Every structure is written in C-alpha cells, then in structure tokens.
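Open the model in your viewer and keep the selection panel at hand. The tour moves from one selection to the next.

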Amino acid sequence: MNQNKDAGKDEVAWWFKILGRCVGAIASLVCMGMGIWACITVHPICIVAGVLMVCLGFLTMVLEAPLCCQFFDGLDRLANWIGNLKYIYKAILYCVLSIFPMMLCFELTTVFGSGLIFVTGAIYGVMALGKKGGQAKRPDDVEMNQRLTESEEPVATTPEGT
C-alpha cells in the first residue's frame, strides 16, 4: 500500500520538490506579514481576512518548514501526517484555503499574500501530475507497439534497379 502512495512521489524531480517547499516557506512568511498589514484597517471584514491570512501562513509554515515550528508540541505529528499525503491533497488544501481571505477582502495585501499560497498549491498540483502529465499507461498501447514492430517488413537499402 505504501508503494502505491510513494510511486507518484518518486516521479517528481528532486529540485521540483525543493522548489515547492521553498515557495511554500516564503509564501507563508509573506502571507503572515500581509495578514498583519491587512489587520490595520477600519473595515471589520478585512480584519477577519487578515487574521485568516495569519492563520493560513502559520499552517503553511508548519507544513512546509516544520523546522521553524519545532518548539510547539504536537505540530511535528501534524506535519509528518500532512507530509505523507499525496500531492493532489496538498494542492487542494492550499488552493481552497487561500481563496477565503481574497473572497472576504479583495485588496492588494490579501491578493498578494493569499495568492502566493495559491501558487504553492498550484506547484503541488503540477507535482501531482507527475512526469507525463497524468497520462495513464495503457496496456493495449504496449500490445499495439509490439504488433507493429513484429509485422514490419525489412526495408531494402539498395536500389532495385541495380
């Protein structure tokens, strides 16, 4: 069962995994900063969006850079559990959660802060597709290719007129 779960993760290049982690860590810091900036307003909805962004940034920091949150008890188990999920679930989690602050208060701070979390989700979505873009391997393709190679006739390399 673990082999099937890890099989999709092995298709992703190592540098792409690091890219996803780095973008996620940077996005979490930016999201928390922009969330604090969004809280400095007179609109109560934007304050709620700012608080959501700070929470989203902290969640992303726990999941993408657990070294930064190693002193909180219990968060390492959450990070390990989420770290073992398939990439598509991480992509859905980041993309869905990043939309809520933008829906509440559509300003530059919320779009930029939550947008970077959305980009992290998009990177994980691309990682979920794998090398071949999600193209399923069909066994009938193998059989068809085998039949084509077996039925080929040799091609003459010399002209017939000589």
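Start by selecting Tyr87, Lys90, Ala91, Tyr94, Cys95, Ser98, Pro101 and Met102: these are the buried residues of helix 5. Now look down the axis of helix 5. The buried residues fall within an arc of 125°, so they line one face of the helix. The general rule behind this kind of pattern is that an α-helix has 3.6 residues a turn, so residues three or four places apart point the same way.

Keep in mind throughout that this is a predicted model.

**The length of helix 5**

Select residues 87-104. The span is 100% helix and 0% strand. Does its length fit the count of residues? What span should the 18 residues of helix 5 have at 1.5 Å a residue? The expected value is 26 Å, and the end C-alpha atoms are 27 Å apart, which agrees.

**Pro101**

Stay in helix 5 and pick Pro101. Is Pro101 buried or exposed? Its relative accessibility is 2%, so Pro101 counts as buried, the cut-off being under 20%. Show what surrounds it. Beyond residues up to four places away in sequence, Pro101 touches Ala49, Leu52, Met53, Thr110 and Ser114. Then draw a distance to Gly35. Pro101 and Gly35 are 66 residues apart in sequence, yet their C-alpha atoms are 9.2 Å apart in space.

**Zoom out**

Colour the whole chain by secondary structure. The protein chain has seven helices and zero strands. Along the sequence the pattern reads α-α-α-α-α-α-α. Of the 162 residues, 30% are buried. Switch on the surface: the chain exposes about 11100 Å², with 67% of that supplied by carbon and sulfur atoms. Among contacts with a separation of 6 or more, 69% are between residues 24 or more positions apart.

Next, colour the annotated spans. An unreviewed UniProt entry carries the annotation "transmembrane region" for residues 12-36, 42-67, 87-104 and 110-129. Select 110-129 from that list. This span is 100% helix and 0% strand, and its end C-alpha atoms lie 28 Å apart.

**Helix 3**

Select residues 44-64, which form helix 3. At 1.5 Å a residue, its 21 residues should span 30 Å; the end C-alpha atoms are 30 Å apart, which agrees. Highlight its buried residues: Cys46, Ala49, Gly50, Met53, Leu56, Gly57, Thr60, Met61, Val62, Leu63 and Glu64. Which helices do they pack against? The partners are helix 2 (14-39), helix 4 (75-83), helix 5 (87-104) and helix 6 (108-129).

**Two residues of helix 3**

Pick Leu63, in helix 3. Leu63 is buried, with a relative accessible area of 3%. Leaving aside neighbours within four places in sequence, Leu63 is in contact with Arg21, Leu78, Ala79, Ile82, Leu93 and Tyr94. Take Leu78 from that set. The C-alpha atoms of Leu63 and Leu78 are separated by 7.8 Å, and the two are 15 residues apart along the chain.

Now pick Ile47, also in helix 3. Ile47 is partly exposed, at a relative accessible area of 31%. Not counting residues up to four places away in sequence, Ile47 touches Ala38, Cys39 and Thr41. Draw a distance to Cys105. The C-alpha atoms of Ile47 and Cys105 are 8.7 Å apart, across 58 residues of sequence.

**The core**

Move to the largest nonpolar core, which has 15 residues. Centre the view on Ile117, Tyr124 and Met127, the residues with the most contacts inside it. Which elements give two or more residues to this core? They are helix 2, helix 3, helix 5 and helix 6. Helix 6 gives the most, with four residues.

Select Tyr124 and list its contacts. Apart from neighbours within four places in sequence, Tyr124 is in contact with Gly20, Arg21, Glu64, Tyr87, Lys90, Ala91 and Tyr94. Compare this with the earlier selections: Tyr87, Lys90, Ala91 and Tyr94 are among the buried residues of helix 5, and Glu64 is one of the buried residues of helix 3.

**Last stop: Gly125**

Step along to Gly125, in helix 6. At 22% relative accessibility, Gly125 counts as partly exposed. Finish with a distance to Cys95 in helix 5. The C-alpha atoms of Gly125 and Cys95 are separated by 9.4 Å, and the pair is 30 residues apart along the chain.

Key:
Residues numbered from 1 in each chain as written. Predicted model: local features only at pLDDT ≥ 70, side-chain atom pairs only at ≥ 80, totals over all residues. Heavy atoms only, no water. Buried < 20%, exposed > 50% of the residue type's maximum accessible area, 1.4 Å probe, protein only. Contact = heavy atoms within 4.5 Å. Areas by Shrake-Rupley, 256 points an atom, 1.4 Å probe, with all protein chains shown as cover. UniProt positions renumbered as here; feature names shortened; annotations may be inferred. Expected span 1.5 Å × (residues − 1). Core = buried A, V, L, I, M, F, W, Y, C linked by side-chain atoms within 4.5 Å. Arc of directions from axis to C-beta.
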